[in-house]
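Reader: I would like to go through this model by question and answer. Please keep each reply to what can be computed from the atoms.

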Amino acid sequence: MTRIGCLFKSQDSHFIIGLIYLLPGKEVLSELISIYSSDYIILGGDFNSRIANLNSYRDDDFIFEGSCLLSSRISFDNVLNTRGSALVEIMEKFGLKVCNGRSMSDSPSNFIFISKNGSSIVDLVWFNSSCLSLIKDFKVENISDISDHYACLHFEIVSY
């Protein structure tokens, strides 16, 4: 199941902020991203995928130049599962990058799901290149004791 949170429209563009619980399915993401590919996209939520340190870029890749985010990601979760590989492949196909492990406040990326059986990072925030200059910071905050997932993926955007 996929849930989309908000769609903001202006005269010139859309700004999509998605709150997602995603079961694997390329069709859902492909359709969403292809419709809004030229607009601002931020998708965050429980992707049920472990991506280790994938979706890193070389330091000489200038896509992150002038932004507040790092080109290389660092994560405490070094596990890569099949769903994680598939998710990264889909997201990179559409030019999306993950925030986790890429900001000054979240590098290395900290565990988000914690239980007696272990810890992982399955809650992720993805964005497209249009948003790169807007994201000022990103961090994970635990604001609730009622869930085994940290309740808040907090990011700051630049205001104009």
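**Helix H2 and its surroundings**

Author: This is a predicted model. The buried residues of helix H2 are Gly84, Leu87, Val88, Ile90 and Met91.

Reader: Around the axis of H2, what arc do these buried residues cover?
Author: The buried set consists of Gly84, Leu87, Val88, Ile90 and Met91. They sit on the same side of H2, because the arc they cover around the axis is only 165°.

Reader: Which residues are exposed on the other side of H2?
Author: Exposed means over 50% relative accessible area. On the side of H2 away from the buried set, the residues that count as exposed are Thr82, Glu89 and Lys93.

Reader: How far apart are the end C-alpha atoms of H2?
Author: H2 has 12 residues, and at 1.5 Å a residue they should span 16 Å. The distance in the model agrees with that expected span: the end C-alpha atoms are 17 Å apart.

Reader: Which residue just after H2 has a positive phi?
Author: The phi angle in question is about 75°. The residue that takes it, just after H2, is Gly95.

**The nonpolar core**

Reader: Which element gives the most to the largest nonpolar core?
Author: The largest nonpolar core holds 26 residues, of which Met91, Leu124, Trp126 and Phe127 touch the most other members. At least two residues come from each of E3, H2, strand E7 (123-127) and strand E8 (135-141). The element that gives the most, with four residues, is E7.

Reader: Leaving aside neighbours within four places in sequence, which residues from 95 to 99 is Phe127 in contact with?
Author: With those neighbours left aside, the contacts of Phe127 include Ile41, Ile42, Phe64, Leu69, Leu132 and Ile135. In the stretch asked about, Phe127 is in contact with Gly95, Leu96, Lys97, Val98 and Cys99.

**Aromatic pairs**

Reader: What is the angle between the planes of Tyr57 and Phe64?
Author: A search of the whole structure finds two aromatic pairs. One of them joins Tyr57 and Phe64, 5.6 Å centre to centre, and is tilted, with 55° between the planes.

Reader: Are Tyr57 and Phe64 buried or exposed?
Author: The cut-off for buried is under 20% relative accessible area. Tyr57 has 19%, and Phe64 has 5%. Therefore Tyr57 is buried, and Phe64 is likewise buried.

Reader: How many residues apart are Phe76 and Phe111?
Author: Phe76 and Phe111 form a stacked pair, 6.3 Å centre to centre with 25° between the planes. Phe76 lies in the loop between E3 and H2, and Phe111 in the loop between strand E4 (97-98) and strand E5 (113-115). The pair thus links distant parts of the chain, 35 residues apart.

Reader: What is the relative accessible area of Phe76?
Author: Its partner Phe111 counts as partly exposed at 26% relative accessibility. Phe76 is also partly exposed, and its relative accessible area is 43%.

**Two separations and the whole chain**

Reader: How far apart in space are Gly44 and Cys99, C-alpha to C-alpha?
Author: Gly44 lies in strand E3 and counts as buried at 11% relative accessibility. Gly44 and Cys99 are 55 residues apart in sequence, and their C-alpha atoms are separated in space by 9.4 Å.

Reader: What share of the residues of the protein chain count as buried?
Author: The chain has two helices and nine strands. It has 160 residues, and the share that count as buried is 40%.

How values were computed: Residues are numbered from 1 along each chain as its sequence is written. This is a predicted model: local features need pLDDT of at least 70, side-chain atom pairs count only at pLDDT 80 or more; totals for chains, interfaces and linings use all residues. Side-chain values use heavy atoms; hydrogens and water are left out. Buried means under 20% relative accessible area, exposed over 50%, partly exposed in between (1.4 Å probe, protein chains only). A nonpolar core is a set of buried Ala, Val, Leu, Ile, Met, Phe, Trp, Tyr and Cys residues joined through side-chain atoms within 4.5 Å. Contact means heavy atoms within 4.5 Å. Rings of Phe, Tyr and Trp (its six-membered ring) pair if their centres lie within 6.5 Å; planes under 30 degrees apart count as stacked, over 60 as edge-to-face and the rest as tilted. The expected span of a helix is 1.5 Å times one less than its number of residues. The arc is that of the directions from the helix axis to the C-beta atoms.
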